[in-house]
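Me: Please take a close look at one part of this model: the pairing of the strands, and what packs against them. A single connected account will do.

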Amino acid sequence: MNRLLQQLESEHSKPSVPDFGIGDTVDVHYLIKEGDKERVQLFSGIVISLQGSGTRRSATIRRLVAGEGVERTFPLHSPRVADIQVKERGIIRRAKLFYLRGREGKATRIDPNLGARQYPRSIKVKKADKAK
């Protein structure tokens, strides 16, 4: 049964999902349907949580619109997600940034990470992969 699920997941997954993690500012290009037309809409914000694994992986992104916080969860391997671009990496010390929901203005800022990445943050890396 697991083999069948793994085969289905590999068929329906995207070949590459960008490496991003919690605290990063990202642009998600999302296909929306209006009537019989489709267009790409940009959703830009901070990644406050990542959940799932494989093709079920999804990210919750938060942004402020006219002073109100808007959160949206995007399945990363969905055909509706056209592209994800990382604008800025953030330094964080938590697995989930739900505390940002209760903050406003400058209190929602996250320090930028200006150094080089050491390993992928969005995918758990095995010890053998780190040695390479």
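Reply: Two strands are taken to pair if DSSP finds at least two bridges between them. By that criterion, β1 and β5 are an antiparallel pair with six bridges. The model is predicted, and what follows describes that prediction.

Some context for the sheet comes before its details. The protein chain contains two helices and five strands, and from the N terminus its elements run α-β-β-β-β-β-α. The five strands make an open sheet in the order β4-β3-β2-β1-β5, with antiparallel pairing. The edges are held by β4 (68-75) and β5, each of which has a single partner strand, so one side of each lacks a neighbour in the sheet. From one strand to the next, the twist averages 40°.

Take the pairings in sheet order, starting at β4. β3 and β4 run antiparallel and are joined by eight bridges. Within this pairing, S58 has P75 of β4 as its bridge partner. The two strands form a hairpin with two residues between them, and A66 in the turn has a positive phi of about 55°. Most residues other than glycine have a negative phi. A66 is not a glycine, yet has the positive value. This residue belongs to the loop between β3 and β4. Its relative accessible area is 80%, so A66 counts as exposed, the cut-off for that class being over 50%.

Next in the order is the pairing of β2 with β3, again antiparallel, with five bridges. Two of the facing positions can be named. I46 stands opposite R62 in β3, and S49 has T60 of β3 as its bridge partner. This hairpin has six residues between the strands, and G52 takes a positive phi near 85° in it.

β1 and β2 come next, pairing in the antiparallel sense over 10 bridges. Here V26 faces G45 of β2. The hairpin of β1 and β2 has two residues between the strands, and G35 in its turn has a positive phi of about 70°. The last pairing returns to β1 and β5, where Y30 stands opposite V81 in β5.

Y30 also leads to the aromatic contacts. Ring centres within 6.5 Å count as a pair, and by this rule there are two aromatic pairs. In one of them, the rings of Y30 and F74 have centres 5.2 Å apart and planes at 65°, so the pair is edge-to-face; that class begins over 60 degrees. The pair connects distant parts of the chain, with Y30 in strand β1 and F74 in strand β4, 44 residues apart. Y30 and F74 are both buried. Together with F43, these residues form one aromatic cluster.

F74 also appears in the nonpolar core. The largest such core has 19 residues, and F20, V26, V28, V47, I61, F74 and I84 have the most contacts inside it. Two or more residues come from each of β1 (25-34), β2 (37-51), β3 (58-65) and β5 (81-88). V26, already met opposite G45 in β2, is thus among the residues with the most contacts in this core.

One residue outside the strands is worth adding, with its contacts. I110 lies in the loop between β5 and α2 (127-131). Its relative accessible area is 14%, so I110 is buried, since the limit for that class is under 20%. Beyond its neighbours within four places in sequence, I110 is in contact with G23, I46, G90, I91, I92, L97 and L100. Of these, I46 is the residue that stands opposite R62 in β3. For G90, the C-alpha to C-alpha distance from I110 is 6.0 Å, while the separation in sequence is 20 residues.

Figures for the whole chain complete the account. Of contacts between residues at least 6 apart in sequence, 54% join residues at least 24 apart. Buried residues account for 28% of the 132 residues in the protein chain. The chain exposes about 9,500 Å², of which carbon and sulfur atoms supply 50%.

Notes
Residues numbered from 1 in each chain as written. Predicted model: local features only at pLDDT ≥ 70, side-chain atom pairs only at ≥ 80, totals over all residues. Heavy atoms only, no water. Core = buried A, V, L, I, M, F, W, Y, C linked by side-chain atoms within 4.5 Å. Buried < 20%, exposed > 50% of the residue type's maximum accessible area, 1.4 Å probe, protein only. Helix = DSSP H or I, 4+ residues; strand = E, 2+ residues; numbered from the N terminus. Axes fitted to C-alpha atoms, helices over the stretch in contact; angles between N-to-C directions. Phe/Tyr/Trp six-rings, centres within 6.5 Å; stacked < 30°, edge-to-face > 60°. Contact = heavy atoms within 4.5 Å. Areas by Shrake-Rupley, 256 points an atom, 1.4 Å probe, with all protein chains shown as cover.
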